[in-house]
Amino acid sequence: MHSPTIESPLPPSPGAKPIYLKDLDFGVLAQCIHCGLCLPTCPTYDDTKLERHSPRGRIQLMKNVAEGRLDVTKTFAEEMYFCLGCLACETACPAGVDYTRMFEEARGDIERTGVLNTESRSWIRGLLLRGVFTRPWLLRLIGRGMYLYQASGADRLVRKLALIRLAPKNLQELEPLAPRIRPDFSDDLIGEIETPAAKARARVGMLTGCVQDLTYSHVNRDTVDVLIANGCEVVTPRMQHCCGSLHGHNGEIEIAKDMARRNIDAMERSAGSLDDLDAILTNAGGCGSHLKHYDHLLDDDPRYAARAVQWSAKVRDIHEFLVTLGIVKPTHSLAEPDGKPLEVTYHESCHLCHGQKITKQPRDLLKLIPGVKLVELAESSWCCGSAGVYNITQPEMSMKLLARKMANIAKTKASVVANGNPGCSVQLEFGTRKHGSDVEIAHPMTLLARSYRGKRQCGFQN
Amino acid sequence: MPHLVQDIAAFIPLDRILHSREDLLAYGYDGTAALHGVAAAVVMVQTTAEVQALVKYCAEHGIAVVGRGSGTGLSGGSVPSNGCVVLCLTQMDKVLELDEKNLTIFVECGVITAKVAEIADGVGLLYPPDPGSMRISTIGGNVAENSGGLRGLKYGITRDYVMGMEVVLADGSLVWLGNKCVKDVAGYSMKDIFIGSEGTLGIITKILLKLVPRPQAKKTMLATYSRMDAAAETVSAIIAAKIIPCTLEFLDKITLNCVEDYAKIGLPRDAEAILLMEADGHPAAVEDQAAKMVEIAKQCGATDVQIARDADEATRLASARRTAFSALARVSPTTILEDATVPRSELTKMIRFVQEVGARHRLKIGTFGHMGDGNLHPTFLTDEKNLDEMTRVEIAMKEIFDFAISLGGTITGEHGVGLAKKPFLPAAIGEASLGLMKKLKAALDPKGILNPGKIFD
């Protein structure tokens, strides 16, 4: 530099453990010029006005860890988990900083060094990330149990008799957040291969997700119906695994890699080979953002690297795919019984708009539906506070963001909030219960499918 | 808990005194490349009384105080000196009064610039200064650095809109300077001394700003060039034709491609340079001016001149232009921004010189800037780990400054001196002028606790 640089007096810490961040290319870290243009778009900075809770503040801390001037401390770790990972900063950043990559590596470092480990945290993480979300059968078994708990009315009884107070505190706090579990899973609703009546315009692989499968399996059915109506042959592998985004975003990079490998294998088994597919589709914004990065994730795996590149090249969000394919105009009006248009507003999943830069397509699709009037939502791309498991790990900030979102939704006076991510749906549905709103939360594919079918219901509960 | 923190906690709540290693690292920089420092504590103040108490304490104990807003400065003005107390003013963010009869707005220093602009716009008024970082910069920071923006050509800079201010002096005492009068010659214009003083003379806590009526019409144009100096000639010709547009922004090929990579608004990637031109005012006058500007641009060799279809497109162009500096960071690990400014008649010479210097020292330079003000931002796209290249950058930078001065220009048009331009200040303003500045500093801050080491030693 041209003027005397004030050097940080903090010495490199001796004997630190090997750190992922340290292996990052200097260019990735140096990309951030701390101009501050990300600050006004960061929900945690906006709320606290503290630099440490801002994207450039966090990047500066990661840079200091990478350069050995800061250890992976408990404060650093807490900061990295206070970040929503909403990626609004990536949209705001003119310099093209790869925040996702730094942030995932930082969380990986945190888990490797174990600075946050406590008995209960390790137990819960182990149970969920390693135990449940790596085993599709176990996840579905738990889902079945939750469905019975809710469907039998036991949940209301437990609340009424205040039995929930007998449960551990963590569980008590989580119980109201629990989404309604569907009676059927995607495998019950969707055939492994479904073909349109006429010659197929495209052959696509369908990813059913884990949370989506448990709580919104009807959205998967709706998605397949929309695809069939658009002349696509749909291949849906059985008993699919979690895409691994939960693991990737929570410092379990090795498990994330394993999930990626299993998903590639499963798709190849059902489809013949990836070559036989025109696209691999997801209807979950959070998953899509991660699924598109399998190429980076598996670039050091000689057996999978090439297939992962092929995979990433074919993954499309459902909205993106339909607009590119050229959608068949939906036929039936969804107008209210009195003839007034159905007012729909659109909430943007962070990983759809910031992670994948898909903002126009879902709106274009909604506008195509007869009888639907799209009303813009103020701060539509501001995080709703769901952010993966953030509503569980950081309830206070999550609930602040939810209240802000629900207030903006109320201002639109819309009767439906469309959004393309199951995490957001769980959070927003909780928001309607918490804030006493009767707005319907729906996936754009559900609204499209209704229009193609010409009735609100199909052959299954909707 | 360190002694200092314990002491400050006597008059400021402990939860607003940050001193963890992580917090100090997160307040170790501003928007300037490669400058860092580590404070002893960062204090989030919320009232003038707290600022006074803190400054008084620091004065008594001889501790340096570095004022800070959102930390978006581009000359290192708010980079902490090691061991100082950072006085962070972002939480002093109340709008105190909007006076539509006198066309003024009275705000605390931590209010975000864009908020002032929005409030003014809401009642049909305009706050013209619009620095690139206006969505996050604080108005206090703008006044302390005397920030410019894209509309300087017609509307001037921050200084032209400050009518009054509340300032905490170096001993913790408080003064009010200025008023709502358009005319006021009662004594020295003391507020002007604090504007652009970079936190070295006092801490500005409240500001009375002038607003102007919002122009009725606006027209935005984009001219494309196959030669950089043709764009500079256009600017000189427009000024010489006695037209004062509100904006004449220049982007060279590297810059416009970086901006396009980010903003994707369809800028002409093959062009050697573009000029973003904007006229505003009475609808008939705007039509007339715009037509003349298009004609002049074509005469000077513009290959194409497009007129923005609507207000949305105009806003997209201006917003994209605001990202130029940050977008240039896409190219190389280190991005060093300069701020050389020359009289507008000398623009063509300056642009040619920057090109020639870049070629001679084998350096990549992206140039953009507020050409209508003669304010250029030649930006070095380099790598601080490449020591050989960094040496060439330093030589090139000095040559550019020397040349700007030889043309009657200055080393910084709008970013301030701070740390980054300090070595070049004596040559730019001369010993007598520097001596006067030092006398003023000694008179107002005899202990030298306010932002020491900035502007000059």
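User: What separates the centres of domain 1 of chain A and domain 3 of chain A, taken over C-alpha atoms?

Analyst: Happy to help! In this predicted model, those two centres are 30 Å apart. The domain assignment places domain 1 at 20–113 and domain 3 at 186–325 of chain A. Their contact takes 6 residues from domain 1 of chain A and 6 residues from domain 3 of chain A. On the domain 1 side, the classes are 1 nonpolar, 2 polar and 3 charged residues.

User: Thanks! Why is helix 4 of chain A called oblique to helix 5 of chain A?

Analyst: Helix 4 (residues 55–66) and helix 5 (residues 74–82) of chain A pack at about 140 degrees, with axes 11 Å apart. Angles over 145 count as roughly antiparallel and 65 to 115 as roughly perpendicular. An angle of about 140 degrees falls in neither range, so the pair is oblique. The crossing is left-handed.

User: Which residues make that contact?

Analyst: Helix 4 of chain A brings A:R58, A:L61 and A:V65, while helix 5 of chain A brings A:F76, A:E79 and A:M80. By class, they divide into 4 nonpolar, no polar and 2 charged.

User: Over in chain B, what makes B:A144 buried?

Analyst: A residue is buried if 20 or more other C-beta atoms lie within 10 Å of its own. B:A144 has 31, so it is buried. This residue lies in helix 5 (residues 139–145) of chain B.

User: Which residues does B:A144 touch, leaving aside its neighbours within four places in sequence?

Analyst: B:A144 is in contact with B:G67, B:S197, B:E198, B:G199 and B:I204.

Definitions and conventions. Residues are numbered from 1 along each chain as its sequence is written. Chains are lettered from A and ligands numbered from 1 in the order in which they are written. This is a predicted model: local features need pLDDT of at least 70, side-chain atom pairs count only at pLDDT 80 or more; totals for chains, interfaces and linings use all residues. Axes are lines fitted to C-alpha atoms, for helices over the stretch in contact, and angles run from 0 to 180 degrees between N-to-C directions. Helices (H or I, at least four residues) and strands (E, at least two) are DSSP runs, numbered from the N terminus. A crossing is left-handed if the near helix is turned anticlockwise from the far one by less than a right angle, and right-handed if clockwise. Two residues are in contact if their C-beta atoms, placed from the backbone, lie within 7 Å. Ala, Val, Leu, Ile, Met, Phe, Trp, Tyr, Cys and Pro count as nonpolar, Asp, Glu, Lys and Arg as charged, and the others, Gly among them, as polar. A residue is buried if 20 or more other C-beta atoms lie within 10 Å of its own, exposed if 12 or fewer, and partly exposed in between; C-beta atoms are placed from the backbone. Domain bounds come from an automatic or database domain assignment.
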